[in-house]
Amino acid sequence: MNQLDFNGRDAIVTGGAQGIGLAIAQRLIQSGARVHVWDRDPALLHQSVHALGSNATAVVVDVTDVHSIAMAVQNQLEHVGKVDVLINNAGIAGVNSPTVDYPIDAWEQVLRVNLTGPFLCCRAVAPHMVKAGYGRIVNIASVAGKEGNPNAVAYSASKAGVIALTKSLGKELAQSGVCVNCVTPAAAKTAIFDQMSTQHIEYMLSKIPMNRFVKVEEIAAMVCWLASAECSFSTGGVFDISGGRATY
Ligand SMILES: NC(=O)c1ccc[n+]([C@@H]2O[C@H](COP(=O)([O-])OP(=O)(O)OC[C@H]3O[C@@H](n4cnc5c(N)ncnc54)[C@H](O)[C@@H]3O)[C@@H](O)[C@H]2O)c1
(Lines give C-alpha, C1' and ligand atoms only; values in the text may rest on other atoms or scores of the structure.)
Protein backbone atom coordinates (compact mmCIF):
# COMPACT_ATOMS: atom_id res chain seq x y z
CA MET A 1 0.00 0.00 0.00
CA ASN A 2 1.34 3.47 -0.90
CA GLN A 3 1.80 5.82 2.01
CA LEU A 4 -0.23 9.04 1.84
CA ASP A 5 0.38 11.96 4.15
CA PHE A 6 -2.69 13.18 6.03
CA ASN A 7 -0.87 14.17 9.21
CA GLY A 8 -2.68 17.07 10.86
CA ARG A 9 -5.60 16.88 8.43
CA ASP A 10 -9.25 16.79 9.49
CA ALA A 11 -11.58 14.92 7.15
CA ILE A 12 -15.34 14.46 7.06
CA VAL A 13 -16.62 11.23 5.53
CA THR A 14 -20.40 11.11 5.08
CA GLY A 15 -22.07 7.72 5.22
CA GLY A 16 -18.87 6.40 6.78
CA ALA A 17 -20.42 3.84 9.13
CA GLN A 18 -20.01 1.01 6.61
CA GLY A 19 -19.06 0.01 3.09
CA ILE A 20 -17.08 2.38 0.87
CA GLY A 21 -17.20 5.25 3.38
CA LEU A 22 -15.80 3.08 6.16
CA ALA A 23 -12.95 1.90 3.89
CA ILE A 24 -12.17 5.55 3.06
CA ALA A 25 -12.21 6.47 6.77
CA GLN A 26 -9.86 3.56 7.54
CA ARG A 27 -7.41 4.55 4.81
CA LEU A 28 -7.44 8.21 5.90
CA ILE A 29 -6.76 7.26 9.52
CA GLN A 30 -3.95 4.88 8.50
CA SER A 31 -2.47 7.85 6.64
CA GLY A 32 -2.51 10.13 9.70
CA ALA A 33 -5.85 11.97 9.42
CA ARG A 34 -8.46 12.64 12.07
CA VAL A 35 -11.78 11.54 10.61
CA HIS A 36 -15.19 12.92 11.52
CA VAL A 37 -17.50 10.13 10.46
CA TRP A 38 -20.99 11.33 9.61
CA ASP A 39 -23.87 8.85 9.30
CA ARG A 40 -27.59 8.78 9.97
CA ASP A 41 -27.46 5.31 11.59
CA PRO A 42 -26.34 5.96 15.20
CA ALA A 43 -25.90 2.33 16.32
CA LEU A 44 -23.77 1.31 13.35
CA LEU A 45 -21.89 4.61 13.45
CA HIS A 46 -20.83 4.23 17.08
CA GLN A 47 -19.80 0.62 16.54
CA SER A 48 -17.68 1.51 13.48
CA VAL A 49 -16.09 4.57 15.05
CA HIS A 50 -15.16 2.53 18.13
CA ALA A 51 -13.38 0.06 15.81
CA LEU A 52 -11.67 2.89 13.91
CA GLY A 53 -9.99 4.08 17.12
CA SER A 54 -9.15 7.37 18.76
CA ASN A 55 -8.63 9.35 15.55
CA ALA A 56 -12.26 8.85 14.56
CA THR A 57 -15.23 10.84 15.85
CA ALA A 58 -18.86 9.81 15.44
CA VAL A 59 -21.25 12.52 14.31
CA VAL A 60 -24.90 11.63 13.73
CA VAL A 61 -25.86 13.60 10.63
CA ASP A 62 -28.55 13.15 8.03
CA VAL A 63 -27.13 14.72 4.85
CA THR A 64 -30.63 15.68 3.69
CA ASP A 65 -31.09 17.86 6.78
CA VAL A 66 -29.55 21.29 6.39
CA HIS A 67 -29.71 22.00 10.15
CA SER A 68 -28.05 18.72 11.08
CA ILE A 69 -25.21 19.55 8.64
CA ALA A 70 -24.85 23.12 9.93
CA MET A 71 -24.60 21.91 13.54
CA ALA A 72 -21.97 19.30 12.69
CA VAL A 73 -19.82 21.81 10.77
CA GLN A 74 -20.20 24.43 13.51
CA ASN A 75 -19.21 21.88 16.14
CA GLN A 76 -16.14 20.78 14.17
CA LEU A 77 -15.03 24.39 13.63
CA GLU A 78 -15.40 25.11 17.35
CA HIS A 79 -13.44 22.03 18.43
CA VAL A 80 -10.77 21.52 15.73
CA GLY A 81 -11.04 24.79 13.82
CA LYS A 82 -11.04 23.47 10.26
CA VAL A 83 -12.20 21.03 7.61
CA ASP A 84 -9.43 20.00 5.23
CA VAL A 85 -11.25 17.20 3.43
CA LEU A 86 -14.90 16.45 2.65
CA ILE A 87 -15.83 13.08 1.20
CA ASN A 88 -19.47 13.09 0.03
CA ASN A 89 -20.13 9.36 0.17
CA ALA A 90 -23.56 8.85 1.80
CA GLY A 91 -25.97 7.40 -0.72
CA ILE A 92 -28.81 4.99 -1.36
CA ALA A 93 -29.72 2.82 -4.34
CA GLY A 94 -33.49 3.18 -4.34
CA VAL A 95 -35.75 0.54 -5.84
CA ASN A 96 -35.25 -1.17 -9.21
CA SER A 97 -38.15 -0.48 -11.52
CA PRO A 98 -38.81 0.54 -15.11
CA THR A 99 -38.76 4.34 -15.42
CA VAL A 100 -42.44 4.67 -16.31
CA ASP A 101 -43.40 2.80 -13.12
CA TYR A 102 -40.76 4.37 -10.89
CA PRO A 103 -42.48 5.54 -7.67
CA ILE A 104 -42.37 9.32 -7.45
CA ASP A 105 -41.62 9.34 -3.71
CA ALA A 106 -38.69 6.94 -4.25
CA TRP A 107 -37.36 9.20 -7.05
CA GLU A 108 -37.52 12.20 -4.72
CA GLN A 109 -35.84 10.35 -1.85
CA VAL A 110 -32.94 9.10 -4.01
CA LEU A 111 -32.36 12.55 -5.49
CA ARG A 112 -32.54 14.13 -2.03
CA VAL A 113 -29.95 11.80 -0.43
CA ASN A 114 -27.61 11.30 -3.41
CA LEU A 115 -27.63 14.75 -5.02
CA THR A 116 -29.11 17.34 -2.64
CA GLY A 117 -27.09 15.79 0.22
CA PRO A 118 -23.67 16.43 -1.42
CA PHE A 119 -24.87 19.88 -2.53
CA LEU A 120 -25.86 20.81 1.06
CA CYS A 121 -22.58 19.44 2.47
CA CYS A 122 -20.49 21.32 -0.14
CA ARG A 123 -22.50 24.47 0.55
CA ALA A 124 -21.83 24.21 4.29
CA VAL A 125 -18.14 23.27 4.11
CA ALA A 126 -16.66 24.94 1.00
CA PRO A 127 -16.74 28.53 2.33
CA HIS A 128 -14.55 27.49 5.29
CA MET A 129 -12.10 25.74 2.97
CA VAL A 130 -11.95 28.82 0.73
CA LYS A 131 -11.32 31.03 3.76
CA ALA A 132 -8.48 28.71 4.82
CA GLY A 133 -7.10 28.66 1.26
CA TYR A 134 -7.02 24.87 1.23
CA GLY A 135 -9.45 22.00 0.80
CA ARG A 136 -10.17 18.77 -1.00
CA ILE A 137 -13.71 17.62 -1.81
CA VAL A 138 -14.28 14.18 -3.29
CA ASN A 139 -17.77 13.15 -4.34
CA ILE A 140 -18.70 9.49 -4.77
CA ALA A 141 -20.67 9.33 -8.01
CA SER A 142 -21.07 6.08 -9.98
CA VAL A 143 -20.52 4.66 -13.44
CA ALA A 144 -24.34 4.60 -13.51
CA GLY A 145 -24.20 8.39 -13.77
CA LYS A 146 -22.18 8.14 -16.98
CA GLU A 147 -23.73 5.09 -18.60
CA GLY A 148 -27.30 5.07 -17.21
CA ASN A 149 -28.43 1.76 -15.73
CA PRO A 150 -31.81 0.40 -16.85
CA ASN A 151 -34.35 0.08 -14.01
CA ALA A 152 -32.34 2.51 -11.87
CA VAL A 153 -33.37 5.88 -13.26
CA ALA A 154 -33.32 7.82 -9.98
CA TYR A 155 -29.92 6.45 -8.98
CA SER A 156 -28.40 7.02 -12.43
CA ALA A 157 -29.82 10.55 -12.69
CA SER A 158 -28.68 11.43 -9.16
CA LYS A 159 -25.13 10.30 -9.90
CA ALA A 160 -25.08 12.19 -13.23
CA GLY A 161 -26.08 15.18 -11.12
CA VAL A 162 -23.16 14.56 -8.75
CA ILE A 163 -20.80 14.58 -11.75
CA ALA A 164 -22.20 17.94 -12.89
CA LEU A 165 -22.10 19.33 -9.33
CA THR A 166 -18.43 18.36 -9.18
CA LYS A 167 -17.67 20.07 -12.50
CA SER A 168 -19.49 23.29 -11.58
CA LEU A 169 -18.02 23.64 -8.10
CA GLY A 170 -14.55 22.60 -9.29
CA LYS A 171 -14.52 25.46 -11.80
CA GLU A 172 -15.94 27.96 -9.29
CA LEU A 173 -13.24 27.17 -6.71
CA ALA A 174 -10.36 26.59 -9.14
CA GLN A 175 -8.30 29.53 -7.89
CA SER A 176 -9.07 29.10 -4.19
CA GLY A 177 -6.81 26.19 -3.21
CA VAL A 178 -9.85 23.91 -3.02
CA CYS A 179 -9.97 21.00 -5.47
CA VAL A 180 -13.27 19.23 -6.15
CA ASN A 181 -13.31 15.87 -7.90
CA CYS A 182 -15.49 12.79 -8.14
CA VAL A 183 -15.06 9.09 -8.73
CA THR A 184 -17.35 6.84 -10.75
CA PRO A 185 -17.05 3.30 -9.35
CA ALA A 186 -18.65 0.20 -10.81
CA ALA A 187 -20.48 -2.08 -8.38
CA ALA A 188 -18.89 -2.93 -5.02
CA LYS A 189 -20.37 -5.66 -2.83
CA THR A 190 -21.63 -3.71 0.19
CA ALA A 191 -24.88 -3.46 2.16
CA ILE A 192 -26.25 -1.26 -0.64
CA PHE A 193 -26.79 -4.52 -2.61
CA ASP A 194 -29.62 -5.34 -0.15
CA GLN A 195 -31.63 -2.53 -1.80
CA MET A 196 -31.24 -3.99 -5.32
CA SER A 197 -32.79 -6.90 -7.20
CA THR A 198 -30.65 -9.95 -7.99
CA GLN A 199 -31.19 -9.29 -11.71
CA HIS A 200 -29.85 -5.78 -11.32
CA ILE A 201 -26.72 -6.97 -9.48
CA GLU A 202 -26.15 -9.58 -12.21
CA TYR A 203 -26.64 -6.90 -14.88
CA MET A 204 -24.03 -4.64 -13.26
CA LEU A 205 -21.48 -7.46 -13.03
CA SER A 206 -22.11 -8.48 -16.64
CA LYS A 207 -21.14 -4.97 -17.78
CA ILE A 208 -17.71 -4.99 -16.08
CA PRO A 209 -14.97 -6.16 -18.49
CA MET A 210 -12.76 -7.24 -15.56
CA ASN A 211 -15.64 -9.55 -14.59
CA ARG A 212 -15.54 -8.84 -10.87
CA PHE A 213 -16.85 -6.32 -8.38
CA VAL A 214 -14.52 -3.50 -7.32
CA LYS A 215 -13.18 -3.82 -3.77
CA VAL A 216 -13.96 -1.01 -1.32
CA GLU A 217 -10.21 -0.71 -0.61
CA GLU A 218 -9.58 -0.05 -4.32
CA ILE A 219 -12.09 2.80 -4.27
CA ALA A 220 -10.60 4.14 -1.02
CA ALA A 221 -7.13 4.22 -2.59
CA MET A 222 -8.26 6.44 -5.46
CA VAL A 223 -10.45 8.63 -3.26
CA CYS A 224 -7.71 9.18 -0.69
CA TRP A 225 -5.19 10.23 -3.34
CA LEU A 226 -7.76 12.73 -4.69
CA ALA A 227 -8.24 13.96 -1.12
CA SER A 228 -4.51 14.45 -0.56
CA ALA A 229 -2.40 17.57 -0.98
CA GLU A 230 -0.56 15.79 -3.79
CA CYS A 231 -3.67 16.06 -5.96
CA SER A 232 -3.04 19.70 -6.79
CA PHE A 233 -3.77 20.21 -10.51
CA SER A 234 -6.97 18.22 -10.95
CA THR A 235 -10.32 19.81 -10.22
CA GLY A 236 -13.81 19.30 -11.61
CA GLY A 237 -12.50 15.90 -12.65
CA VAL A 238 -14.31 12.59 -13.03
CA PHE A 239 -12.10 9.62 -12.17
CA ASP A 240 -13.03 6.21 -13.53
CA ILE A 241 -12.83 3.07 -11.40
CA SER A 242 -15.14 0.76 -13.33
CA GLY A 243 -12.98 -2.22 -14.33
CA GLY A 244 -13.12 -1.09 -17.95
CA ARG A 245 -16.88 -0.45 -18.17
CA ALA A 246 -16.92 3.30 -18.73
CA THR A 247 -16.82 4.31 -22.38
CA TYR A 248 -15.82 7.92 -21.68
N1 LIG B 1 -21.54 -0.28 -3.66
C2 LIG B 1 -21.65 0.04 -4.93
O3 LIG B 1 -21.89 -0.81 -5.81
C4 LIG B 1 -21.42 1.46 -5.37
C5 LIG B 1 -20.97 1.71 -6.67
C6 LIG B 1 -20.80 3.03 -7.08
C7 LIG B 1 -21.04 4.06 -6.19
N8 LIG B 1 -21.49 3.78 -4.93
C9 LIG B 1 -21.77 4.90 -4.04
O10 LIG B 1 -20.88 4.84 -2.94
C11 LIG B 1 -21.50 5.41 -1.79
C12 LIG B 1 -21.41 4.43 -0.63
O13 LIG B 1 -22.08 3.24 -1.00
P14 LIG B 1 -21.94 1.89 -0.18
O15 LIG B 1 -21.99 0.81 -1.16
O16 LIG B 1 -20.83 1.96 0.78
O17 LIG B 1 -23.35 1.92 0.60
P18 LIG B 1 -23.77 1.36 2.05
O19 LIG B 1 -25.24 1.19 1.99
O20 LIG B 1 -22.91 0.20 2.42
O21 LIG B 1 -23.38 2.57 3.02
C22 LIG B 1 -23.99 3.82 2.88
C23 LIG B 1 -23.97 4.54 4.22
O24 LIG B 1 -24.58 5.83 4.02
C25 LIG B 1 -25.42 6.09 5.12
N26 LIG B 1 -26.48 7.01 4.70
C27 LIG B 1 -27.50 6.78 3.83
N28 LIG B 1 -28.28 7.85 3.76
C29 LIG B 1 -27.75 8.80 4.58
C30 LIG B 1 -28.13 10.11 4.93
N31 LIG B 1 -29.24 10.68 4.44
N32 LIG B 1 -27.34 10.80 5.79
C33 LIG B 1 -26.23 10.23 6.32
N34 LIG B 1 -25.84 8.98 6.05
C35 LIG B 1 -26.60 8.27 5.18
C36 LIG B 1 -25.98 4.73 5.53
O37 LIG B 1 -26.45 4.74 6.88
C38 LIG B 1 -24.76 3.83 5.33
O39 LIG B 1 -23.99 3.72 6.50
C40 LIG B 1 -22.93 5.76 -2.21
O41 LIG B 1 -22.99 7.11 -2.58
C42 LIG B 1 -23.15 4.87 -3.42
O43 LIG B 1 -24.12 5.37 -4.28
C44 LIG B 1 -21.66 2.51 -4.49
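Select strand 1, residues 10–14, in this predicted model. Five of its five residues are buried, so strand 1 is largely enclosed by the rest of the structure. A residue counts as buried here if 20 or more other C-beta atoms lie within 10 Å of its own.

Show the side chains of strand 1. D10, I12 and T14 point one way, while A11 and V13 point the other way. All of these residues are buried. In a regular strand, side chains alternate between the two faces of the sheet.

Keep A11 selected and look to both of the strands that pair with strand 1. In strand 2, the residue opposite A11 is V35. In strand 4, the residue opposite A11 is V85. Strand 1 and strand 2 run parallel and are joined by five bridges. The pairing of strand 1 with strand 4 is also parallel, over three bridges.

Next, add helix 1 (19–30) to the selection. Together with strand 1 and strand 2, helix 1 makes a right-handed β-α-β unit.

Now display the whole sheet. Seven strands form an open sheet with parallel pairing, in the order 3-2-1-4-5-6-7. Its edges are strand 3 (56–60) and strand 7 (237–241), each of which pairs on one side only. On average, neighbouring strands in this sheet are turned by 20° against each other, direction ignored.

Go to strand 4 (residues 85–88) and strand 5 (residues 135–140). These two run parallel, with four bridges between them. To find one of the paired positions, pick N88: its bridge partner in strand 5 is N139.

Move to the strand 3 edge of the sheet and select helix 2 (residues 42–52). Helix 2 lies across strand 2 (34–39) and strand 3. Relative to strand 3, helix 2 runs at about 170°.

Finish at the ligand. Which residues are closest to it? Select G15, G19, A90, G91 and T190, the closest of the 29 residues that surround the ligand. Colouring the shell by residue class gives 14 nonpolar, 11 polar and four charged residues.

Return to the helices with the ligand still displayed. Helix 1 and helix 4 (104–132) each supply at least two residues of the shell. Helix 1 gives the most, with three residues. Helix 1 thus appears twice on this tour: in the β-α-β unit with strand 1 and strand 2, and in the shell around the ligand.

Technical notes:
Residues are numbered from 1 along each chain as its sequence is written. This is a predicted model: local features need pLDDT of at least 70, side-chain atom pairs count only at pLDDT 80 or more; totals for chains, interfaces and linings use all residues. A residue is near a molecule or strand if its C-beta atom, placed from the backbone, lies within 6 Å of it. Ala, Val, Leu, Ile, Met, Phe, Trp, Tyr, Cys and Pro count as nonpolar, Asp, Glu, Lys and Arg as charged, and the others, Gly among them, as polar. Two strands pair if DSSP finds at least two bridges between them. Axes are lines fitted to C-alpha atoms, for helices over the stretch in contact, and angles run from 0 to 180 degrees between N-to-C directions. Two residues are in contact if their C-beta atoms, placed from the backbone, lie within 7 Å. A residue is buried if 20 or more other C-beta atoms lie within 10 Å of its own, exposed if 12 or fewer, and partly exposed in between; C-beta atoms are placed from the backbone. A crossover is right-handed if, with the strands pointing away from the viewer, the path from the first strand over the helix to the second runs clockwise.
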